[in-house]
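Please look at the sequence and the three-dimensional model shown below. The paragraphs after it lead through the structure step by step.

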Amino acid sequence: MTSGPQEGALGDRLSLWLGPILASALVRFLHRTLRWTVVRDRVVLDLHQAKRPYVHAFYHDQLLMMTYSYLGQAYGRRLVVLSSRHRDGEYVSRTLERFGHQMVRGSTGRGGVAGLKEMIRHVRGGRDIAFATDGPRGPRHRVQMGVIEAARLGRAPIVPVAFAASKKKPFGPGTRSRSRSRWLARSSPTASRSRCLRTPAARGWR
């Protein structure tokens, strides 16, 4: 026997409902099991205190724990995130919404122009916006122009953010180990210094 269209649609709806619940629970669980070190967060804290919006930029393959890199909630701020219109983007959107983020749907392939315009309106309205700078289709770790144009036209600085995790076993085999994770941006021990990327003022957006 084969399942009919109604059964398939029901399965899709169930998957879209249950998947983000399980994904958000997994992210929260992982966060509780890690020992965190935030490196050079003064860059974004100063922006939050000044109520100045910025562009939160990260690589697509570091999305899993990236929600915890945003520190604006303590200042009453909310992050607006650009997400793909593809099916995977729907899962990502529904998962991030469970952390209080606002989603804008669009990508470089489908709905890119409309999504970019909406992101620019958000940052000009005083809200922080976030991009996976290399996009879901890649090339991996190659920054696309969307994030740069959003920052330029929105007159906002870009703050690169990254996440890395390491596991250390300072004792012999069979003993407990400690997990360690660190936020890296150009704010990592391997980078020279942390900084905001200034973007030139742009002409009016129509």
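Tyr54 is a useful place to begin in this predicted model. Beyond its neighbours within four places in sequence, Tyr54 is in contact with Val44, Leu47 and His48, with Tyr70, with Asp128 and Ile129, and with Ala156, Pro157 and Val159. Several parts of the chain therefore meet at one side chain or backbone position, since contact here means heavy atoms within 4.5 Å.

Tyr54 also belongs to the largest nonpolar core, which has 18 residues. Together with Met66, Leu79, Val81, Ala130 and Val159, Tyr54 is among the residues with the most contacts inside that core. Which elements each supply at least two residues of this core? They include helix 2 (42–49), strand 3 (79–83) and strand 6 (158–168). Another core lies apart from this one; it has 16 residues, among them Val55, Met119, Ile129 and Ala156. Ile129 and Ala156, which belong to this other core, were both named above as contacts of Tyr54.

The next topic is the packing of two helices. The axes of helix 4 (residues 112–124) and helix 5 (residues 145–154) come within 9 Å and cross at roughly 40°. Because of this angle, helix 4 counts as oblique to helix 5. The crossing of helix 4 with helix 5 is right-handed. On the side of helix 4, the contact is made by Leu116, Ile120, Val123 and Arg124; helix 5 contributes Gly146, Glu149, Ala150, Leu153 and Gly154. Sorted by class, the residues of this contact are five nonpolar, two polar and two charged.

A single residue in a loop offers another view. Gly100 is found between helix 3 (87–97) and strand 4 (102–105). Is Gly100 buried, partly exposed or exposed? Gly100 is partly exposed, because its relative accessible area is 37%, and the partly exposed class lies between 20% and 50%. Val80 is 20 residues away from Gly100 along the chain, and the C-alpha atoms of the two are separated by 9.5 Å.

Finally, the protein chain may be considered as a whole. Its secondary structure comes to five helices and seven strands. Read from the N terminus on, these elements follow the order α-β-α-β-β-α-β-α-β-α-β-β. The protein chain has 206 residues, of which 35% count as buried. Among the contacts between residues at least 6 apart in sequence, 67% join residues at least 24 apart.

Notes: Residues numbered from 1 in each chain as written. Predicted model: local features only at pLDDT ≥ 70, side-chain atom pairs only at ≥ 80, totals over all residues. Heavy atoms only, no water. Helix = DSSP H or I, 4+ residues; strand = E, 2+ residues; numbered from the N terminus. Buried < 20%, exposed > 50% of the residue type's maximum accessible area, 1.4 Å probe, protein only. Core = buried A, V, L, I, M, F, W, Y, C linked by side-chain atoms within 4.5 Å. Axes fitted to C-alpha atoms, helices over the stretch in contact; angles between N-to-C directions. Parallel < 35°, antiparallel > 145°, perpendicular 65-115°, else oblique. Left-handed = near helix turned anticlockwise from the far one by under 90°. Nonpolar A, V, L, I, M, F, W, Y, C, P; charged D, E, K, R; others polar.
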